[in-house]
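Hi everyone, thanks for making time this morning. I'd like to walk you through one structure, so let me put it up on the screen.

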Amino acid sequence: MTIEILQTGPLLASCEKALAEKYIVHKLHEQADRNAWLKVNGARIRAHAGSGVQAKLMNALPNLEIISSFGVGYDNIDTATAKAKNIRVTNTPDVLNDAVAELTVGLMISLARRIPQGDQFVRNGHWLNGGMGLFSELTGKTVGILGLGRIGKEIACRLQAMKMRVVYYGRSKQDNVPYTFYDKLEDMARDSDWLVVIAPGGKSTESIVSRAVLEALGPQGYLVNVARGTLVDEPALVELLTNKKLGGAALDVFVEEPKVPEALFALDNVVLSPHQGSATHQTRDAMGALLVANLDRHFAGEPLISPVV
Ligand code: NAP
Ligand code: 8YV
């Protein structure tokens, strides 16, 4: 098959292998002069494999037909420009729901029971001098979920099974869910012990977890962000955590990944994770397979599996 496609960053090995078996794959990130390469070769590129495509790249690929991204979030793709240029965009939903939900629960238990600190406490020999102290449980507490979607629902059912009271906030109330709906995020934060953030990134959710929401969650409240860093007012988060006006935070995502505000490193009421939500062999293989399947569907003239544009 002589279809030429472009990567602009490395992908999972199994995904790259599958792509190379079917397509002529060019890796822009390995080119010394990327602009020069695009000028010479850009017109031959019909697809982009992977996330993070902005208008400038689309303009350099005049025959681009589809962007098959790796991940369910597509806030790092200029979908408006893609739509205007009739470029299809696909993502990788559902295959990662359980992995992200499991990490979320793990981060919550780690924060509530200070599991990372306990490990260091033992390793550093401090137990020889006495116990580590008492912390808190999830059972019986109220968790507010911002974004009761595919992943949010998997988080909700796990936390309900752990005897938490689940409530949620979104743009609209959902039928057939056994959880109380809040139409104001600040009210939900005020009534919750935990706030789990799992809504999409992008302009519509930028800093939706504002200073006011964080203050409503309060000094006994815990924030969990497994969505995108941009949903939270990060400077306010750091300040409130430092001043003990927010009880704690478990964070898998940050505004300027992989840079993380260093003030967080000194806080023992914070658990930090390097954007690991979908980072399991099983899930990442499934995401890669879905990326390839969407390309195959497109070039076979068949309906896409998971289109977003
Ligand atoms: P989804 O099924 O589309 O669910 C998104 C939820 O967010 C929906 O319930 C939606 O409810 C709500 N929502 C959307 N826009 C909103 C807004 N402006 N204000 C309030 N609520 C809003 O998406 P998903 O598959 O669960 O994935 C969610 C996000 O998780 C992804 O976009 C990605 O950013 C993130 N994620 C992170 C990781 C990680 O590694 N940490 C991995 C996978 C995904 P309404 O329509 O009722 O508002
Ligand atoms: C990333 C994610 O895609 O799916 C998403 O939206 O945030 C993650 O699964 C993954 O970290 C690959 O970079």
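Let's begin with the lining of the largest cavity: its residues split into six nonpolar, two polar and one charged. Keep in mind as we go that this is a predicted model. Which residues make up that lining? They are Asn225, Gly229, Val232, Glu234, Leu237, Leu251, Val253, Phe254 and Leu264. The polar pair is Asn225 and Gly229, and Glu234 is the charged residue. As for volume, the largest cavity comes to about 50 Å³. If you set the threshold at 30 Å³ or more, the structure holds one cavity.

Now over to ligand 1. It has 29 residues around it, and the closest are Arg150, Ile151, Arg171, Val226 and Asp252. Sorted by class, that shell contains 14 nonpolar, 11 polar and four charged residues.

What about polar contacts here? Two of them use the protein backbone. A polar backbone atom of Ile151 sits 3.0 Å from an oxygen atom of ligand 1, and for Ser172 the distance from a polar backbone atom to a ligand 1 oxygen is 3.4 Å. There is also a side-chain contact, where a polar atom of Arg228 lies 3.2 Å from an oxygen of ligand 1. How much of ligand 1 does the protein bury? On its own, ligand 1 exposes 930 Å², and 88% of that is buried by the protein.

Please hold on to Arg228, since we meet it again at ligand 2. There, a polar side-chain atom of Arg228 is 2.8 Å from a ligand oxygen. So what else is around ligand 2? Along with Arg228, the surrounding residues are Phe70, Gly71, Val72, Gly73, Leu96, His275, Ser278, Arg284 and Met287. By class, this shell has four nonpolar, four polar and two charged residues.

Two more side chains in that group make polar contacts with ligand 2. For Ser278, a side-chain N or O atom is 2.6 Å from an oxygen atom of the ligand. For Arg284, the corresponding distance to a ligand 2 oxygen is 3.1 Å. Taken alone, ligand 2 has 330 Å² of accessible area, and the protein covers 77% of it.

If you take one residue away from this talk, I'd pick Arg228: its side chain has a polar atom 3.2 Å from an oxygen of ligand 1 and a polar atom 2.8 Å from an oxygen of ligand 2. Thanks for listening, and I'm happy to rotate the view for anyone who wants another look.

Key: Residues numbered from 1 in each chain as written. Chains lettered and ligands numbered in written order. Predicted model: local features only at pLDDT ≥ 70, side-chain atom pairs only at ≥ 80, totals over all residues. Heavy atoms only, no water. Near = heavy atom within 4 Å. Polar contact = N/O pair within 3.5 Å; in protein donor to acceptor, adjacent residues only side chain to side chain. Areas by Shrake-Rupley, 256 points an atom, 1.4 Å probe, with all protein chains shown as cover. 1 Å grid on protein atoms, 1.4 Å probe; cavity = no way out; pocket = protein on both sides within 12 Å on 5 of 7 lines; lining within 4 Å. Points joined across faces, edges and corners; volume = space filled by probe spheres on them.
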